[in-house]
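Biologist: I'm new to this one, so could you pick a single part and walk me through it closely? Start with one residue if you like, then work outwards to what lies around it.

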Amino acid sequence: MIEKRLTVEETAQALGVQPRVVRRRINAGTIKATKYPGRSGGEYRITETDLQEYIDSMGLKR
């Protein structure tokens with residue numbers, strides 16, 4: 001089964017933060033993401049598993 005990959009915007013909505021916060025956390029290495037080719041230098045995608053690992057590590061509820 002193929003796992004869904006979320007956009008930065010979808011991840012931000014799930015966490016209740018702005019997309020720029022998600023991008024900062026990706027750049028800091030606290031949220032795992034894969035960069036895919038796209039407009040403006042590429043687009044990040046976050047798997048649901050990686051999002052859940054982040055939530056668990058921060059003690060957050062989804």
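Modeller: Let's begin with Thr47, which sits in strand 3. Keep in mind that this is a predicted model. Is Thr47 buried or exposed? Its relative accessible area is 15%, and since the cut-off for buried is under 20%, Thr47 counts as buried. Its side chain reaches the backbone nitrogen of Asp50, at 3.0 Å. Leaving aside residues up to four places away in sequence, Thr47 touches Glu3, Lys4 and Arg5.

Now for the strand's surroundings. Strand 3, residues 43-47, is part of what covers the buried residues of helix 2, and strand 3 also helps cover those of helix 1. So let's take the two helices in turn.

Helix 1 covers residues 8-15. Its buried residues include Val8, Thr11, Ala12 and Leu15. These four span an arc of only 100° around the axis, which is why they end up on the same side of helix 1. Besides strand 3, the cover over them includes strand 1 (5-6), helix 2 and helix 3 (48-58). Just after helix 1 comes Gly16, with a positive phi near 75°.

Helix 2 runs over residues 19-28, and in it Val21, Val22 and Ile26 are buried. Here the arc around the axis is only 140°, so these residues, too, lie on the same side of their helix. Turn to the face pointing away from that buried side and you'll find the exposed residues Arg20, Arg24, Asn27 and Ala28. Along with strand 3, helix 1 is among the elements covering the buried residues of helix 2. After helix 2 you meet Gly29, and its phi is positive as well, near 85°.

How do helix 1 and helix 2 pack? Their axes are 8 Å apart and meet at an angle of about 105°, which means helix 1 is roughly perpendicular to helix 2. On the helix 1 side, the contact is made by Val8, Glu9, Thr11, Ala12 and Leu15, while helix 2 brings in Pro19, Val22, Arg23 and Ile26. Sorted by class, that contact has 6 nonpolar residues, 1 polar and 2 charged.

You can spot some familiar names there. Val8, Thr11, Ala12 and Leu15 are buried in helix 1 and also take part in the contact with helix 2. On the other helix, Val22 and Ile26 are buried and belong to that contact too.

Terms used
Residues numbered from 1 in each chain as written. Predicted model: local features only at pLDDT ≥ 70, side-chain atom pairs only at ≥ 80, totals over all residues. Heavy atoms only, no water. Buried < 20%, exposed > 50% of the residue type's maximum accessible area, 1.4 Å probe, protein only. Arc of directions from axis to C-beta. Contact = heavy atoms within 4.5 Å. Axes fitted to C-alpha atoms, helices over the stretch in contact; angles between N-to-C directions. Parallel < 35°, antiparallel > 145°, perpendicular 65-115°, else oblique. Nonpolar A, V, L, I, M, F, W, Y, C, P; charged D, E, K, R; others polar. Polar contact = N/O pair within 3.5 Å; in protein donor to acceptor, adjacent residues only side chain to side chain.
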